[in-house]
Amino acid sequence: MTAAGPIRARCDGADRLVEADETLAALQVRLGGSFPGTIALPGLFALVRKVRLSGVPLSALLSIEDDRQPISFRANVAPTQDGTAIDITEWKLAADAWKADESGAAEALLRQLAEAHVVLDAEQRVISGMVDASDLADFNTALRQGFGRYWTDLVNLRGSSHHQPLHWRLLDDSELDVPGSVRSWRARLLPLRSGGFELLLVADTVIASGITAEPTPLKLPDFKGLLGRNLAPALRQPINRIVANAETIRTRLAGPLADQYAGYAGDIAEAGRHLLGLVEDLSDLETVEDAAFNPSPDQIDLADCARRAAGILGVRAQERSITIVTPHTDERAPAIGEFRRVLQILLNVIGNAIRYTPGNTTVSIDVGGDDQWAWLAVTDEGIGISLEQAGKVFEKFERLGRSGDGGSGLGLYISRKLARAMGGDLIVQPADNGGACFILSLPADHSGQS
């Protein structure tokens, strides 16, 4: 049996419960805590503290032995600017809470017939509830707002003017009317082994023909934007922390270290960068495949972009003894495009040239243009590319058989999507020197011409 709805709460930077729905706030007080105050549920406190310190959203199934009944629930905790946010679902009685006796089969049948299930405390006040019938919408709303109230305040008992507290046996099997429903109902009260009651509302009839229940359409989770908007920001921080700590160890900034362990730290840092690259690629993939994606065009210079990209990748090229030849400082190729996205394309294309070109070779970057287009060409001295490969290299997840190079197979696919979104294109063709030549073209910018 679950709660009538999600239970939400908020903690500050000291893991103090500062906001909470009534269900959780009452449990906090019953467990000896204060509200506002430090979380009194040990498992939830540990989860909240871990999320705050790591900055990563976490979820866990927790249980607590309340003085009224054992409760289990799922806690979903996410970091916020000033603390953490808690969203509790699947709030229910623990598996051993039901009273076990010879009437178990009859009680099981009642639960199957019931169209409303409510958990009450020992004094018959509402703790949580679940409603299955369409004509109990008003009752469901009352349950959500009725935490701590006697359940009899939410219905109309027939032939009784008595008010709570009443012994549960006087109310068991009583007839009642539920606001918003035209059907007749009976209340069945089942004592719980650890105290409290389970209230079942059973109708004498099925929903009448004049009352139709609108079927709730199956709604699949909306995964659109899941990685880019939700997971990627949450993953970047811990992965960057892993890389930074591993580099601190590798470079022995934290103190002397055996070469073997420094090598391990280097492997960890490289794996972290690989994982971060995959996260960024998948996030970019989500962006470029969104129908609403629209780059912000600006006046740029492809020659300047080339020199900037070469500067960023200079160390990587130097490590492989590769020389990057960039356009001369007085060369210009005015174009219309989004600077950040153009730089992203160039970093991918030039980075691939460095990765797949043998050492002690040259990667050349040339620019040019005409009345309609500005272009930039990246030429390497690698093994080249066949016509068949040229037709496949821009496909999603295509790696041309290079299964162990650490790439995702998304970079060129994303780069071409970006180029085309900016009104240009990205193509590849065999180079005269036997290598490969990638050409980025964008609309030319003539605004500076007289």
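## Two sheets, two cores and a helix pair

In this predicted model, helix α10 meets helix α12 through Arg341, Gln344, Ile345, Asn348, Val349 and Asn352. On the α12 side, the partners are Gly411, Leu412, Ile414, Ser415, Leu418 and Ala419. By residue class, this contact between α10 and α12 holds 6 nonpolar, 5 polar and 1 charged. The two helices pack at an angle of about 145°. Their axes lie 10 Å apart. The α10 and α12 crossing is left-handed.

Both helices also belong to a wider arrangement. Start with the sheet beneath them in this account: 5 strands, in the order β14-β16-β17-β19-β18. The sheet is open, and its pairing is mixed. β14 (323-325) and β18 stand at its edges. Each of these has a single partner strand, so one side of each has no neighbour in the sheet. On average, neighbouring strands are turned by 15° against each other, with direction ignored.

Now look inside that sheet. β16 and β17 pair in the antiparallel sense over 6 bridges. There, glycine 369 stands opposite alanine 374 of β17. Helix α10 packs on this sheet. It touches β14, β16, β17, β18 and β19. The direction of α10 makes about 175° with that of β19. Helix α12 packs on the sheet as well, touching β18 and β19. Its direction makes about 125° with that of β18.

The β18 and β19 pair deserves its own look. Strand β18 covers residues 425-430, and strand β19 covers residues 436-443. They pair in the antiparallel sense, over 6 bridges. Leucine 426 has leucine 440, in β19, as its bridge partner. The strands form a hairpin with 5 residues between them. Within this hairpin, glycine 434 takes a positive phi near 95°.

Leucine 440 leads on to the core. The largest nonpolar core has 46 residues. Leu302, Val342, Ile350 and Leu440 touch the most other members. Which elements give two or more residues to this core? They are α7 (259-288), α8 (302-312), α10 (339-356), β16 (362-369), β17 (373-379), α12 (411-421), β18 and β19. Helix α10 provides the largest share, with 8 residues.

Leucine 302 shows how these parts come together. Leave aside its neighbours within four places in sequence. Leucine 302 is then in contact with Ala333, Ala335, Val342, Val367, Ala374, Trp375, Leu376, Leu440 and Leu442. A second core is separate, with 25 residues, including Val131, Leu154, Leu166 and Ala203.

Next comes another sheet. It is open and has 6 strands, in the order β8-β7-β12-β11-β10-β9. Its pairing is antiparallel. The edge strands are β8 (126-131) and β9 (156-157), each pairing on one side only. Helix α4 (residues 137-145) packs on this sheet. It touches β7 (116-120), β8 and β12 (197-203). The direction of α4 makes about 150° with that of β8.

Away from the edges, strand β10 (residues 174-177) runs antiparallel to strand β11 (residues 185-191). The two are joined by 3 bridges. Serine 174 stands opposite alanine 187 in β11.

Two single residues complete the tour. Is leucine 62 buried or exposed? Its relative accessible area is 17%, and buried means under 20%, so leucine 62 is buried. This leucine lies in strand β4 (residues 58-65). Beyond its neighbours within four places in sequence, leucine 62 is in contact with Gly43, Leu44, Ile71, Ser72, Phe73 and Ala75. Proline 42 is 20 residues apart from leucine 62 in sequence. In space, the two are 9.7 Å apart, C-alpha to C-alpha.

Arginine 273 lies in helix α7. Its relative accessibility is 38%, between the 20% cut-off for buried and the 50% cut-off for exposed, so arginine 273 counts as partly exposed. Not counting residues up to four places away in sequence, arginine 273 touches Val243 and Glu247. Asparagine 240 is 33 residues apart from arginine 273 along the chain. Their C-alpha atoms are separated by 8.0 Å.

Notes. Residues are numbered from 1 along each chain as its sequence is written. This is a predicted model: local features need pLDDT of at least 70, side-chain atom pairs count only at pLDDT 80 or more; totals for chains, interfaces and linings use all residues. Side-chain values use heavy atoms; hydrogens and water are left out. Two strands pair if DSSP finds at least two bridges between them. Helices (H or I, at least four residues) and strands (E, at least two) are DSSP runs, numbered from the N terminus. Contact means heavy atoms within 4.5 Å. Axes are lines fitted to C-alpha atoms, for helices over the stretch in contact, and angles run from 0 to 180 degrees between N-to-C directions. A nonpolar core is a set of buried Ala, Val, Leu, Ile, Met, Phe, Trp, Tyr and Cys residues joined through side-chain atoms within 4.5 Å. Buried means under 20% relative accessible area, exposed over 50%, partly exposed in between (1.4 Å probe, protein chains only). A crossing is left-handed if the near helix is turned anticlockwise from the far one by less than a right angle, and right-handed if clockwise. Ala, Val, Leu, Ile, Met, Phe, Trp, Tyr, Cys and Pro count as nonpolar, Asp, Glu, Lys and Arg as charged, and the others, Gly among them, as polar.
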